[in-house]
Amino acid sequence: MSLEKNTKTRNRSAAAKNTRKTVRRKPYGEKHIIGFLFGICCLLTVFLAALLSAMVALRIPDIRSVAHYQPLQTTFILDRHGDVLERIYKENRTVVPLSRMPELLPKAFVAAEDGRFFEHKGLDFVSVLRAVFVNIKRGGRAQGGSTITQQVARSLLLTREKTYLRKFKEAILAWRIDSLLSKEDILYIYLNQIYLGSGAYGVEAASQVYFDKPVHQLTLGEIAVLAGLPQAPSKYSPLNHLERAVARQRYVLNRMTADGYIDAQTARGAFEKDLRLNRTADKSLESGYYTEIVKKRVGRILQSSLPATGIIIHTYLDPTMQKAAVDAVRAGVKASFGRQARLDSGKKKVPQGALVSIETCSSKVRALLGGTDFSATSYDRAAIARRPAGSAFKPVVFSAALENGWSSGSMILDAPLSIAGGARGRWTPKNYSGRYHGEVSLADALAHSYNTAAVRLLQKVGLNPVHDLSTRLGITSEMPGDLSIALGSVDVTLLELSAAYSPFICGGMYTPPVFIDRIEKGDGTVLFQRDFSPRKILSKRGAAEMKSMLSRVIADGTGKRAAGLNGECGGKTGTSDDSRDAWFIGFHENNITGIWVGHDQNEGLGKGENGGRTAAPIWFDYMRKTGGVR
């Protein structure tokens, strides 16, 4: 019994002991699990912190800007026909949607640059391994293995430094971009962003630079040339290295064939077709003076410098008339220099010339030339330079008289005249010929440019009416406060004086000269539209009489060298003291054109040079070539 009791007691003690052991293990196990989990959390926290620190250290850019792609674009200045006069840009780029590109163009770039583009997620590990193998074999960075998406990441978000760190960041960004955007969106960005040489960014700009046509007009052969450029734009430029470009073209066509985009026969036909490259001259030099004015006016209209956001500026320049202006002024200046060189073999300085051509009544400036060579000097002698107008200002004085009761038949004395004042105490104006004609009509006095008659007329009319009329005619120059204004002592620009003649031709109505029709965004949104608001300046009677008087200048006056055109025409010559400036402002049917010839250093043009001999023939040559037609 005692043994049994002892056994039971030992069993109970063992059971109790086991029970106590079990109870002690349970809390120990929970603590272990909690500790383990806590440790994992700590490790994860450290890992994430390290990863975040690494990301911060790497400075991975925010890719949201890629989804809102708004690159720098080219601003275009167009002529009256919509052809490009000049491109203004920090990066020569015009963004176009995929829908405006030839169907084969994106496929050509994919075939040439990233054949597995539609299969990978921004990174092509097959290409990367192939590039690594080639680089190890050649002992350098012969291949990069970059996908199109990586090129987008590099172009938009990274620098072009060749480091493994940059490649790592590029890979991360490419994967994220591929997750954010569709393949079509990535191609759209790529084809508009990529640099393709010769200053061209994107396929539209490259198409214009290399083939002088919009991208939607490209042939397959031309597409293949562009698709071959990204690897080395300078090396494969068709303008500078045609043989290399053609070899690269063959490669692209073969890749397109291998990828099933075209068949072998189509590829062969595209390769055998001759390339018609853009070899046109730079038009911006011929129209440079005009476009410089346009840029300044756009800056004032938009109240900022010209943006690189792809605005389109429509101007009134007529390229045919501009070319005629260049030819006529250069020929006339050369003729003047030739005459003086024959008189003085030591004469070396060729004079400058300027021309402004305005469509009557609409005041659209169709041509403007501020010098004989824009590439040599951009100083604008048409719109900036102020020179004494000479007798070309007399129509303003005579118009003031017509508006104050005089008529073209009214008589005025043309005789020697001496007036108190001036540097020597007396001012004695003289006629250019040295002869005087007694009582003459206003029409005769203007036709033959009698100086003393003009001064006497101003004495009778008074300075104030002339000053007032000048201001209303758009002449902003400060007016002299003496009678010398009758002989054109006022300094004016060719542009403002030419525009001041418009009321004589347009029934008394004046509109300031205009260069810009409208300004648009690339999407067609109109930022500015010209407002045509003519002002009444002269009476119809006064304007009609002045127009008739100007016709006599050409018919039998100082402007005879401008005679011979079909249709109604007229104008006025002008010559400043010592023949420093020669002017002719004239109209022919639908056009008013002003001519100036002189030296920048204010030297005389030489013996016998004046408005009638020097400037009027240039006007005639220009009008003969253009006809002054719309």
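This section describes an enclosed helix, two buried polar residues and the disulfide of a predicted model.

Helix α8 spans residues 202–211, and 10 of its 10 residues are buried, so the helix is largely enclosed by the rest of the structure. The buried set comprises Gly202, Val203, Glu204, Ala205, Ala206, Ser207, Gln208, Val209, Tyr210 and Phe211. These residues pack against one strand segment, β2 (84–88), and against the helices α3 (104–113), α7 (183–193) and α9 (220–227). Directly after α8 comes Asp212, for which phi is positive, near 55°.

Helix α10, which covers residues 242–258, contains Gln249. The relative accessibility of Gln249 is 1%, and the residue therefore counts as buried. Its side chain reaches the backbone oxygen of Gly221 at a distance of 2.9 Å. When neighbours within four places in sequence are set aside, Gly221 also appears among the contacts of Gln249, together with Ala224, Val225, Ala270, Phe271 and Leu275. Gly221, Ala224 and Val225 are thus listed as partners of Gln249, and α9, one of the elements against which α8 packs, is formed by residues 220–227.

A buried charged residue, Asp380, is located in the loop that connects β5 (365–369) with β6 (387–388). Asp380 has no salt bridge despite being buried; Lys296 provides the nearest side chain of opposite charge, at 6.6 Å. A salt bridge would require a side-chain nitrogen of Lys or Arg within 4 Å of a carboxyl oxygen of Asp or Glu. Beyond the neighbours within four places in sequence, the surroundings of Asp380 consist of contacts with Tyr289, Ile293, Leu368, Gly370 and Ala385.

A search of the whole structure identified one disulfide. The bond joins Cys361 to Cys506, with an S to S distance of 2.2 Å. Distant parts of the chain are linked by this pair, the two cysteines being 145 residues apart: Cys361 lies in the loop between β4 (352–359) and β5, whereas Cys506 lies in the loop between α20 (502–505) and β12 (509–510). The torsion about the S-S bond of Cys361 and Cys506 is about -105°, so the disulfide is left-handed. With a relative accessible area of 36%, Cys361 is partly exposed, while Cys506, at 12% relative accessibility, counts as buried. A further cysteine, Cys569, also counts as buried, at 12% relative accessibility.

Definitions and conventions: Residues numbered from 1 in each chain as written. Predicted model: local features only at pLDDT ≥ 70, side-chain atom pairs only at ≥ 80, totals over all residues. Heavy atoms only, no water. Buried < 20%, exposed > 50% of the residue type's maximum accessible area, 1.4 Å probe, protein only. Helix = DSSP H or I, 4+ residues; strand = E, 2+ residues; numbered from the N terminus. Contact = heavy atoms within 4.5 Å. Lys, Arg positive; Asp, Glu negative; His and termini not counted. Polar contact = N/O pair within 3.5 Å; in protein donor to acceptor, adjacent residues only side chain to side chain. Disulfide = S-S within 2.5 Å.
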